[in-house]
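Dear colleague,

Please find below the sequence and structure that I am handing over to you. My notes on the aromatic side chains follow directly after it.

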Amino acid sequence: MTFSRFVAIGDSQTEGMCDDDGAGGLRGWADRLAERLADLRPDVRYANLAVRGKNTRDTLVEQLEPALALHPDLIAAPLGMNDVIGRTDLDRVHADLSTIYERLAATGATVIVSTFPDISAINPLGRFFGERLLELNRFMRDFAREHGFVLVDLYAAPVLVDPRAWSPDRLHASPLGHERFAAGAAHALGLPDGDPEWGAPLPGRDTPHPVAQAAADLRWAAEFFTPWMIRRLRGRSLGDGREPKRPVPSPVRAPADRPAVGSEGA
């Protein structure tokens, strides 16, 4: 299966936070998937409208129409995690998701959505929004069934409950985590290089001593949670004033970087 125009919408996960592209920007799972698509079709065009901090209502208001105007045949739209963390009313979230996904389904494009990992073992606050996370995942499964979307089941992937799949802020995926999400999407799409074992656990995981874990949790709270809470109390977001990193569909690779026809990955 090949695609000619891939457009991604959403929040920090899809923007690619905590996955440095080596050139001062962000890579992330959607970029990594676009690279796989370019291996199959070098002329694929890719746009990424996702912006950190955005919730489902923001995506509906700010990203949906621009995404539709780009006429994609593949759309990535895993949404809602910021609503879970931000305590947004889930009935409102469901209504907004329903509007977004009905519009996306009507395009006839292939649409990728996902469940979200159980980060209660990663983030000390995860247990406080565990039930909301399960409800959002139920929404995602229902919308995937209703509209025939491609579902990447991150919740069922053992690799994503491993700390190595997460960045130090314990909220965004590490480069490894983004790579595993991209691999899951490739498999769900049925790409030739899709790996059915993309979610398998990593080898060699050690359980930290409880004292060491408690100390690490305290450092995390001081370095990451406290600044996040201050921004939240002030009604601010990391995405305030930011523009999408890739607003216009463009080649995934420069012509010199594209594999020749018949070469490996072509």
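Ring pairs join Tyr-101, Phe-143 and Phe-149 into a cluster. Please bear in mind that this is a predicted model. A search of the whole structure gives four aromatic pairs, and two of them are described here.

**The pair of Trp-29 and Phe-181**

These two rings are stacked, at 4.0 Å centre to centre and with 15 degrees between the planes. Trp-29 belongs to helix α2 (residues 28-40) and Phe-181 to helix α7 (residues 175-189), so their pairing ties together parts that stand 152 residues apart in sequence. Trp-29 has a relative accessible area of 0% and is therefore buried. Phe-181 has a relative accessibility of 4%, so Phe-181 also counts as buried.

**The pair of Tyr-101 and Phe-149**

Within the cluster, the ring centres of Tyr-101 and Phe-149 are 5.5 Å apart; because their planes meet at 75 degrees, and an angle over 60 is the criterion, this pair is edge-to-face. Tyr-101 is part of helix α5 (residues 90-106), whereas Phe-149 sits in the loop between α6 (130-147) and β5 (150-152), so this contact ties together parts 48 residues apart in sequence. Are these two residues buried or exposed? Tyr-101 counts as buried, at 0% relative accessibility. Phe-149 is buried as well, with a relative accessible area of 9%.

With kind regards

Notes
Residues numbered from 1 in each chain as written. Predicted model: local features only at pLDDT ≥ 70, side-chain atom pairs only at ≥ 80, totals over all residues. Heavy atoms only, no water. Phe/Tyr/Trp six-rings, centres within 6.5 Å; stacked < 30°, edge-to-face > 60°. Helix = DSSP H or I, 4+ residues; strand = E, 2+ residues; numbered from the N terminus. Buried < 20%, exposed > 50% of the residue type's maximum accessible area, 1.4 Å probe, protein only.
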